[in-house]
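Trainee: Please take me through one part of this model closely, and then show me what lies around it. I would like to follow the details with the structure open beside me.

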Amino acid sequence: MAALARKADVTADRLAVLDLPQGGKWATEARQAALARVNAMGLPGRRDEYWKYTDPTNLTVPEAPPAALFDPRETPVFDDTERLQIVFVDGVFDAEASDDLEMAGLEISRLAEAGGHDIHWAKDVYGVLEASGQAPVERPLAALNTAYATDGVLIRVTGKAAKPVSLMYLHKSETSDAILHHTIRVEKGADLTILENGPAAARFNKCMEVDVADGAAFHHIRVQGRDHERRAATHIFARVGAAATFKSFTLTVNGRLTRNEAVIEIVGDEAVAHIAGASVGDGDFHHDDTVFVTHDAVNCESRQVFKKVLRNGATGVFQGKILVKEGAQKTDGYQISQSLLLDEDSQFLAKPELEIYADDVICSHGSTSGAIDETALFYLRSRGVPEAAATDLLVLAFLAEALDEIEDEGLREGILAHLEGWLARRRR
Amino acid sequence: MLEIKNLHVKLEEEDKAILKGVDLTVEAGKVHAIMGPNGSGKSTLSYVLSGRDGYVVTEGAAHLEGEDLLEMEPEERAAAGLFLAFQYPVEIPGVGNMTFLRTAVNAQRKARGEEEMSAADFLKVIRAKAKELNIDAEMLKRPVNVGFSGGEKKRNEILQMAMLEPKMCILDETDSGLDVDAMRLVADGVNALRDAGRGFLVITHYQRLLDHIKPDVVHIMADGRIVKTGGPDLALEVENNGYADILAEVA
Ligand SMILES: Nc1ncnc2c1ncn2[C@@H]1O[C@H](COP(=O)(O)OP(=O)(O)OP(=O)(O)O)[C@@H](O)[C@H]1O
Ligand SMILES: [Mg+2]
């Protein structure tokens, strides 16, 4: 009882400092429904089973714990890629820095301006995928996001997007507390790539709902910024239709606290859903990947590939589940979560789960935690490769399986270069 | 070239002496062979010289061209010109053979203050050398030694040696696991590198390899010491009679 009362207090304190954004009818309805969900669930606390490995306190306290500004010359990751750029500074849209929100085959608008318009498709997605992702496990921070998001993009894709849409998040205030919500619908046979990068804010709550219709393709590549002290809780909710493709990759370097949740529901036959993450942490770094993939259709493939390199007391968490519903025959599910611990102070906590209610499926999962291979390290050094460079080679080799999930070669190379730069700067 | 004096080595983990006073000098331009029963310390000697962890030198010294090897990191020894062809080459998943070798070649050049090799030059040279060793281009692209057959791994060691052009080459049972043709390829690879400025220390159990790589000096190692040194005939004697006579004679 005391725990419940405390949860109610934490929730009330947090909501007290927030204002429900005003706007048109559909958005207001969605926000109010989400607010009711938040109040019913309460914000996460340390005692919640789903937060056993990650303390949510700093994600739920009323004020964002301050985060010092890092090098403003955040390594530009996607600069070699032609893209439509949309910039948010501490969660506030920057019209100056952004491109015109126009591209053939795309309808792009902003949540902050969308309320007044009757965007019929958004009604079916905004808060809807999030609400459906609240069972069997509650995700109150996502409901909070739906209720209070101040902005974000609404993108409907009807054709093949000529270039990726890039969301760039700059962090310029030490106390910023940003809540953004993106809503995406990729219509039948359409194709979109979303790029995201940057630390965003001292504290960032971000939610992305993606509805991938039959035969559509959605690719997502994200780099979470190099700020040391930022904190973030992010959610991706995806609904994947028949013969559709959903692929998401995230690179995380630095960040005091990151919780990336992904909730993917495969609802159409012959669909493919891959989600991957590579994270490298040094010191005060806590990174949590929490993934829930549901197979509710026949002959679908899903992959979860998560790799973490940890040192100097960094912590990595993986909670991953594959749920194969009754009738989801011929499911091919794969899940791997691995950590490379570069010293004894670092730790990796993993909870891999399979829950299967169909009999004709292939599902495998594995989780490992290990140190650098000393024999391989010596072999490299015996050929003249200095210890630090040899370690980096082995680190990159360890992460390769996750990076290989990036389909576009140019983007993969860009991410690799970004990672190599980070590793090289960390050499001692 | 390589000068080993009264080298005593024990294991770091347990108080067990493996090398018990090795004395050995390999002159530039010469090929020395070491033979000896299993477990006599041949591989240990090669690891200690190249700087592997897990061993403690309790006495003695090892110098390469006058430089104190034992004071150096493994990569410094490599840059100074030491090379070990491993008895058991290591598989490194995720690291491309080509990337690995180019990183190694350029790291050594950098350490010696030389200019790095361009990607194009590197490619040209490695293709030619790989061809001589009958290593196909596909193998160069694969991760280091992963999925290579035993013989392919050994040929890959010789390819690395050919690319790095070390001054002092130690070959630890490079002949084991090789078929007759591969043995000839490997021997040709080694012979091609033989010159007045380079020394070789060839560890082997069989006379066969020494038919192709003619040694100048043959040593017999037993229980952590060089117990006998002679000319090429010594290898023939081992081949014909085994170690019993020699060991009895020095006991
Ligand atoms: N790390 C280790 N831990 C335990 N014992 C070791 C270790 N390294 C070497 N030894 C022991 O030291 C002795 C010498 O081993 P080494 O591998 O040097 O022999 P070798 O002469 O190369 O044998 P072979 O001809 O079989 O290759 C052996 O008894 C071996 O078991
Ligand atoms: Mg041996």
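**A loop, its surroundings and the chain contact**

Mentor: Let's begin with Ala200(A), which sits in the loop between strand S8 (191-197) and S9 of chain A. Keep in mind throughout that this is a predicted model. The backbone at Ala200(A) deserves a look: its phi is near 80°, a positive value although the residue is not glycine. Most residues other than glycine have a negative phi.

Now for the space around this stretch of chain A. Gly198(A) and Pro199(A) belong to the lining of the largest cavity, and so do Glu196(A) and Phe204(A). Further residues of that lining include Tyr169(A), Lys206(A), Arg222(A), Arg230(A) and Thr234(A). Strand S9 (203-212), strand S10 (217-223) and strand S11 (231-240) of chain A each contribute at least two residues to it. The volume of this cavity is about 80 Å³, and its lining is a mixture of 5 nonpolar, 3 polar and 4 charged residues.

If you select Arg222(A), you will find that this residue of the largest cavity's lining also leads on to another space: with Asn260(A), Ile275(A), Asp289(A) and Phe306(A), Arg222(A) is among the residues nearest the centre of the second largest cavity, which has 13 lining residues. Strand S12 (245-253), strand S13 (257-266), strand S14 (272-282) and strand S15 (286-295) of chain A are the elements that give two or more residues to that second lining. Its volume is about 70 Å³, and by class its lining has 6 nonpolar, 4 polar and 3 charged residues. In total, the model has 5 cavities of 30 Å³ or more.

Two other places in chain A are worth a stop. One is Met168(A), in strand S6 (residues 165-170). Apart from neighbours within four places in sequence, Met168(A) contacts Gln85(A), Ile86(A), Val87(A) and Phe88(A), together with Asn197(A). Ser98(A) is 70 residues from Met168(A) along the chain, yet their C-alpha atoms are 9.1 Å apart. The other place is Pro136(A), in the loop between helix H6 (128-132) and helix H7 (140-148) of chain A. Ala135(A) is joined to Pro136(A) by a cis peptide bond, with omega about 0°. Most peptide bonds are trans.

From here we can move to the partner chain. The contact uses 15 residues of chain A and 29 of chain B. Together the two chains bury about 1800 Å², and 69% of that area comes from carbon and sulfur atoms. Charged groups take part as well: there are 3 salt bridges across the interface, one of which pairs the side chains of Arg381(A) and Glu75(B) at 2.6 Å, N to O. Between the chains, 10 residue pairs are in polar contact. On the chain B side, the elements giving two or more residues are helix H1 (42-50), helix H2 (74-80), strand S6 (82-85), strand S7 (92-96), helix H3 (97-111) and helix H6 (150-164). H3(B) gives the most, with 6 residues. That side of chain B is made up of 17 nonpolar, 8 polar and 4 charged residues.

H3 of chain B comes up again in the largest pocket, where H3, S7 and helix H4 (119-132) of chain B join helix H9 (387-403) and helix H10 (409-425) of chain A, each supplying at least two lining residues. H9(A) has the largest share, with 9 residues. The pocket holds about 1100 Å³ of space. Of its 36 lining residues, Leu393(A), Leu396(A), Glu420(A), Thr99(B) and Thr103(B) lie nearest the centre, so those five are good ones to select on screen. The whole lining divides into 20 nonpolar, 5 polar and 11 charged residues.

Methods. Residues numbered from 1 in each chain as written. Chains lettered and ligands numbered in written order. Heavy atoms only, no water. 1 Å grid on protein atoms, 1.4 Å probe; cavity = no way out; pocket = protein on both sides within 12 Å on 5 of 7 lines; lining within 4 Å. Points joined across faces, edges and corners; volume = space filled by probe spheres on them. Helix = DSSP H or I, 4+ residues; strand = E, 2+ residues; numbered from the N terminus. Nonpolar A, V, L, I, M, F, W, Y, C, P; charged D, E, K, R; others polar. Contact = heavy atoms within 4.5 Å. Buried area = accessible area lost by both parts, 1.4 Å probe. Salt bridge = Lys/Arg side-chain N within 4 Å of Asp/Glu carboxyl O. Polar contact = N/O pair within 3.5 Å; in protein donor to acceptor, adjacent residues only side chain to side chain.
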